[in-house]
Amino acid sequence: VQLQASGGGLVQAGDSLRLSCASSGPTFSGWQMAWFRQAPGKEREFLSKIFYTSGKIYYADSVKDRFTISRDKEDNTVYLLMNSLKPEDTAVYYCAAARSTGELLRDMDHWGKGTLVTVSS
């Protein structure tokens with residue numbers, strides 16, 4: 001299983017950005033796909049997850065009003081649309097896949113390399 005996150009970049013406060021996580025390997029039926037981020041000097045934090053088969057979605061309270069997760073089953077890709085970006089959203093964003101239902105770091109079975117998002121004020 002390989003995950004590849006992309007779509008990061010330098011944006012201004014208030015802008016939107018869509019991250020993609022392309023996956024390859026066996027079918028993710030029954031799995032959850034999640035997004036995390038890690039800001040400089042901080043721990044990696046959970047943002048959102050989507051159950052690949054059912055489409056059920058969860059968000060961290062800190063982003064639930066601004067971020068939207070979605071998936072394209074045909075392309076095996078999960079997206080994270082981020083609106084109204086703030087400087088404090090600056091971080092490396094990671095996608096991950098898990099067979100369990102948890103959202104802790106240790107629950108994830110596979111991680112993609114991160115993509116850097118920088119939000120200038």
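**Exercise 1. Charge distribution.** Determine how far apart the mean positions of the positive and negative charges of the protein chain lie in this predicted model.

*Solution.* The protein chain carries 14 positive and 13 negative charges. Taking the mean position of each set gives two points 3 Å apart.

**Exercise 2. Secondary structure.** State how many helices and strands the protein chain contains, and give their pattern along the sequence.

*Solution.* The count yields 0 helices and 11 strands. The pattern read along the sequence is accordingly β-β-β-β-β-β-β-β-β-β-β.

**Exercise 3. Overall dimensions.** Compare the radius of gyration of the protein chain with that of a compact globule.

*Solution.* For 121 residues, a compact globule would have a radius of gyration near 14 Å. The protein chain has 13 Å, which agrees with that expectation. Along the principal axes, its C-alpha atoms fill a box of roughly 40 × 25 × 25 Å. Of the 121 residues, 40% count as buried.

**Exercise 4. The nonpolar core.** Identify the residues that touch the most other members of the largest nonpolar core, and the strands that supply it.

*Solution.* This core holds 34 residues, of which Trp35, Leu80, Met82 and Tyr93 touch the most other members. At least two core residues come from each of several strands, including β1 (2-6), β4 (32-38), β8 (77-82) and β9 (91-98). The largest share, 6 residues, is that of β9.

**Exercise 5. Surroundings of Leu80.** List contacts of Leu80 beyond its neighbours within four places in sequence.

*Solution.* With those neighbours set aside, Leu80 contacts Trp35 and Tyr93. Its other partners include Leu17, Leu19, Leu47, Phe67 and Ile69, together with Arg18, Ser48 and Thr68.

How values were computed:
Residues are numbered from 1 along each chain as its sequence is written. This is a predicted model: local features need pLDDT of at least 70, side-chain atom pairs count only at pLDDT 80 or more; totals for chains, interfaces and linings use all residues. Side-chain values use heavy atoms; hydrogens and water are left out. Helices (H or I, at least four residues) and strands (E, at least two) are DSSP runs, numbered from the N terminus. The radius of gyration is taken over C-alpha atoms; the globule rule is 2.2 Å times the number of residues to the power 0.38. Buried means under 20% relative accessible area, exposed over 50%, partly exposed in between (1.4 Å probe, protein chains only). Lys and Arg count as positive and Asp and Glu as negative; His and the chain ends are not counted. The place of a charge is taken as NZ of Lys, CZ of Arg, CG of Asp or CD of Glu. A nonpolar core is a set of buried Ala, Val, Leu, Ile, Met, Phe, Trp, Tyr and Cys residues joined through side-chain atoms within 4.5 Å. Contact means heavy atoms within 4.5 Å.
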